[in-house]
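Visitor: I would like a close look at one part of this model. Please start from a single side chain and work outward to what surrounds the part it belongs to.

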Amino acid sequence: MGEVIAGLLLGPSCFGWLAPQVSLQLLPPAITPFLAVIAQVGIILFMFLVGLELDTSLLRQRTRASIAISHASIVVPFLLGAGLALWLYPRFADGSISFTAFALFIGVAMSVTAFPVLARILTDRKMQTSRMGVLALACAAVDDVTAWCLLALVVGVARAQPGHVLLTLGAAIAFILFVLVIARRGAVWLARRKMSQGKTTQQMFATVCVSLLVSALVTEGIGIHALFGAFLLGAVVPYDSQLARDVREKCEDLVVVLFLPVFFAFTGMRTQLSLLKEPSDWLVCVLIILIASSGKFGGSFFAARITGSDSREAASLGILMNTRGLMELVVLNVGLDLGVLSPRLFAMFVLMAVVTTLATTPSLQALSAPRGAELSP
């Protein structure tokens, strides 16, 4: 989150306001297209790594609790976001995008959980092996897959020409089936070949990279965004294979150290808090934060209680599922690129992502402090 906030501070909302001339020298508008390309490549690689880190056994071993909690943590905020869209659309949409696409996108933006951030929080607090930690990871994994499928649907609806929505969705389903059936077998074969040879050769790494780029290109051509293709391909590579570990080691440092800071700077340049001039704008921003938080927390909490968790564990799950972080920023940038979000609404949702994620660890610590031992392994 420090990197996210640093990116926002570099933009016009802070640095550009305090020292406009210096800001123009460091981040002139002329470099925006180049930053956009680098940021796009970086996010494609990042989503591929997120797919690689997704333990699909969590999906196969879903218990009744994880199914209920993960779906409730999506359905409740999605419905609340779609309801909020009824009020936001006439005030913030310019009419170039249909209400259906707008409402669907607001619902998805409210529903996202950042699986990598949640996993990091659990690891830092040594809760990843506890009952609640495993349940939270399983819920977040299911949440992630569902949310990205919903985003692909929304992008397909927003991009498709009238009468071509079903064609776009049909092509997307066909591609998903191809990756899950054919590409997955290829990934398993490559992982086994890696085990037999004892190392990941340049040819193997090149095969993975080419497959990644082709998958991203195909989904971009279909109309559901390159990010989805990258994530889906990463998810079919065997999670616990040496191939997956080697690819992560080769790519992770470059993505985290070089590409993601560029994405944060690019997002910061696009976030203009100065557009929130009226007190009513800030009230809308507070309303978005409250609805996003209450939807995620409430859906997760009540589903956890119904499936047998005590109130403290249910509340902890609700807090964890409210983590958004970088994943939310990725979704919001897609919305801004599509024209679904106006720059003013984009700034409000960025603030929502920052506030809800920053609140996770302090809230969890405050909740577990009296009985911290019960939440540890």
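Visitor: Is D281 buried or exposed, and what is its relative accessible area?

Guide: A caution to begin with: this model is predicted. D281 is buried, with a relative accessible area of 5%. The cut-off for buried is under 20%, so a value of 5% qualifies.

Next, its partner. D281 forms a salt bridge with R344. The closest N and O atoms of that pair are 2.7 Å apart. D281 sits in helix α14 (residues 279-306) and R344 in helix α17, so the bridge ties together parts that are 63 residues apart in sequence. The burial of the two partners is given separately. R344 is partly exposed, at a relative accessible area of 27%, while D281 is buried at 5%.

How many salt bridges does the whole structure hold? The search finds two. The other pairing to look at is R270 with D337, where N and O come to 2.5 Å. R270 belongs to helix α13 and D337 to helix α16, so this bridge links parts that are 67 residues apart in sequence. R270 is buried, with a relative accessible area of 17%. Side chains of opposite charge can pair when their charged atoms come close.

Now for the open space. Helix α17 (343-358), which holds R344, helps to line the largest pocket, supplying at least two residues. Helices α13 and α16, which hold R270 and D337, each supply at least two as well. The pocket has a volume of about 980 Å³. Of its 32 lining residues, the closest to the centre are E53, P116, V117, A119 and R120. Helix α8 gives the most to this lining, with eight residues. Helices α1, α4, α9 and α18 are also among those that supply at least two. By character, the lining has 22 nonpolar, four polar and six charged residues.

Helix α4 deserves a pause. It covers residues 32-53, and its 22 residues should span 32 Å at 1.5 Å a residue. Its end C-alpha atoms are 31 Å apart, which agrees. Its buried residues include L35, A39, F46, M47, F48 and V50. What covers the buried residues of α4 includes α8, α9, α11, α12, α13 and α16.

M327 shows one of these contacts in detail. It lies in helix α16. M327 is buried, with a relative accessible area of 2%. Its contacts include F46, M47 and V50, three residues that are buried in α4. M327 also touches P116, one of the residues closest to the centre of the largest pocket. D144 and W148 are further contacts of M327. The C-alpha atoms of M327 and A109 are separated by 9.8 Å, although the two are 218 residues apart along the chain.

W148 leads to the closed spaces. How many cavities of 30 Å³ or more are there? The count comes to two. The largest cavity has a volume of about 40 Å³. W148, L151, A152, V155, I224, H225 and F228 line it. Helix α9 gives the largest share of that lining, four residues. Six of the lining residues are nonpolar, one is polar and none is charged.

The second largest cavity holds about 30 Å³ of space. Its lining is L45, F48, F205, V208, C209, L212, V247 and C251. Helices α4, α11 and α13 each give two or more of these residues. Helix α11 gives the most, with four. The lining has eight nonpolar residues, with no polar and no charged ones. Note F48 in that list: it is also one of the buried residues of α4.

One last residue, back on helix α9: R159. R159 is partly exposed, with a relative accessible area of 34%. It touches E220, G223, I224, H225 and L338. Two of these contacts, I224 and H225, also line the largest cavity. R159 and V50 are 109 residues apart in sequence, and their C-alpha atoms are 25 Å apart in space.

Terms used. Residues are numbered from 1 along each chain as its sequence is written. This is a predicted model: local features need pLDDT of at least 70, side-chain atom pairs count only at pLDDT 80 or more; totals for chains, interfaces and linings use all residues. Side-chain values use heavy atoms; hydrogens and water are left out. The expected span of a helix is 1.5 Å times one less than its number of residues. Buried means under 20% relative accessible area, exposed over 50%, partly exposed in between (1.4 Å probe, protein chains only). Contact means heavy atoms within 4.5 Å. On a 1 Å grid over the protein atoms alone, a cavity is a set of points where a 1.4 Å probe fits but cannot get out, and a pocket is an open set with protein on both sides within 12 Å along at least five of seven lines; lining residues have an atom within 4 Å of a point. Grid points are joined across faces, edges and corners, and a volume is the space filled by probe spheres set on the points. Ala, Val, Leu, Ile, Met, Phe, Trp, Tyr, Cys and Pro count as nonpolar, Asp, Glu, Lys and Arg as charged, and the others, Gly among them, as polar. A salt bridge is a side-chain nitrogen of Lys or Arg within 4 Å of a carboxyl oxygen of Asp or Glu. Lists of a residue's contacts leave out its neighbours within four places in sequence.
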